[in-house]
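Open your viewer, get comfortable, and let's take a short walk together. At each stop you will select something and then read what is there.

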Amino acid sequence: MDETEFWEIIDSTREAADGDPEDHAELLVERLLQLDPDSVLDFARHFEARYNRAYHWDLWGAAAILLGGASDDAFDYFRCWLIGQGREVFEGGLHDPDSLAELLDEFDEDLDGDGEELGYAADEAYEQLTGVVAPDLGVAAQPAEPEGTPVDFEDTTALADRFPRLSERFGTP
């Protein structure tokens with residue numbers, strides 16, 4: 001599976017779910033069940049590589065603004081959700097997290113930002129197809145600490161200065 005096919009699967013299942021993250025995850029599992037186990041592992045590798053790339057302080061700061069705060073787990077689930085938003089939003093947000101203010105049409109912190117189930121979709125599909133747990137993907141682990149300059153999530157002035165567009169549109173935690 002190449003990168004284009006990975007993003008096509010993400011996009012088609014997100015569109016069919018009409019933006020609901022739980023429905024998106026269910027549809028993603030259904031779609032992955034149509035593939036052979038090796039293709040599901042390829043999908044999982046693409047997902048995991050992007051998930052690890054998104055382990056960045058600036059993106060965590062953006063998540064904190066959007067979610068009204070972001071614990072370790074909340075940031076993990078946010079990264080899964082961000083991948084689920086498709087290539088343009090993911091890459092744009094990774095390149096300039098403050099640009100999420102323009103890239104996201106709407107954001108409901110009660111519905112959006114939590115893609116935990118998306119992160120398990122490939123594992124679930126693989127296990128259903130094979131009856132065994134997915135093997136190690138061979139993808140480099142995320143760094144021990146996020147990339148970039150740390151963000152003080154308690155300093156709302158610093159957050160607003162670092163992410164002016166997000167702060168203006170969504171406020172600060």
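Is Phe-43 buried or exposed? Select Phe-43 and take a look: its relative accessibility is 0%, so this residue counts as buried. Keep in mind along the way that you are looking at a predicted model.

**Stop 1: a pair of rings**

Searching the whole structure turns up 13 aromatic pairs. For one of them, keep Phe-43 selected and add Phe-6. The two ring centres are 4.8 Å apart and the planes meet at 40°, so this pair is called tilted. Now colour the helices: Phe-6 belongs to helix 1 (residues 3–17), while Phe-43 belongs to helix 3 (residues 37–53). The pair therefore ties together parts that are 37 residues apart in sequence. Phe-6 is buried too, with a relative accessible area of 0%.

Next, add Trp-7, Phe-47 and Phe-90 to your selection. Together with Phe-6 and Phe-43, these residues are linked into a cluster by ring pairs.

**Stop 2: an edge-to-face pair**

Select Trp-81 and Phe-107. How far apart are their ring centres? The distance is 5.3 Å centre to centre, and with 90° between the planes the pair is edge-to-face. Trp-81 sits in helix 5 (residues 72–84), and Phe-107 sits in the loop between helix 7 (100–103) and helix 8 (116–130), so this pair joins parts 26 residues apart in sequence. Both Trp-81 and Phe-107 are buried.

**Stop 3: a buried acid**

Stay with the loop between helix 7 and helix 8, and select Asp-112 there. Which residues does Asp-112 touch, leaving aside its neighbours within four places in sequence? Its contacts are Gly-19, Leu-67, Trp-81, Glu-106 and Phe-107. You have already met Trp-81 and Phe-107 as an aromatic pair. Asp-112 is buried but has no salt bridge. Arg-169 is the nearest side chain of opposite charge, and it is 8.7 Å away.

**Stop 4: a charge over a ring**

Now select Arg-79 and Tyr-51. Arg-79 lies over the face of Tyr-51, 3.8 Å from the ring centre.

**Stop 5: an unusual backbone angle**

Finish at Asp-18, in the loop between helix 1 and helix 2 (21–32). Asp-18 counts as exposed, at 70% relative accessibility. What is the phi of Asp-18? It is positive, about 55°, even though Asp-18 is not a glycine. Most residues other than glycine have a negative phi, so a positive one is worth a look.

Methods
Residues numbered from 1 in each chain as written. Predicted model: local features only at pLDDT ≥ 70, side-chain atom pairs only at ≥ 80, totals over all residues. Heavy atoms only, no water. Phe/Tyr/Trp six-rings, centres within 6.5 Å; stacked < 30°, edge-to-face > 60°. Helix = DSSP H or I, 4+ residues; strand = E, 2+ residues; numbered from the N terminus. Buried < 20%, exposed > 50% of the residue type's maximum accessible area, 1.4 Å probe, protein only. Lys NZ or Arg CZ within 6 Å of the ring centre and 35° of its normal. Lys, Arg positive; Asp, Glu negative; His and termini not counted. Salt bridge = Lys/Arg side-chain N within 4 Å of Asp/Glu carboxyl O. Contact = heavy atoms within 4.5 Å.
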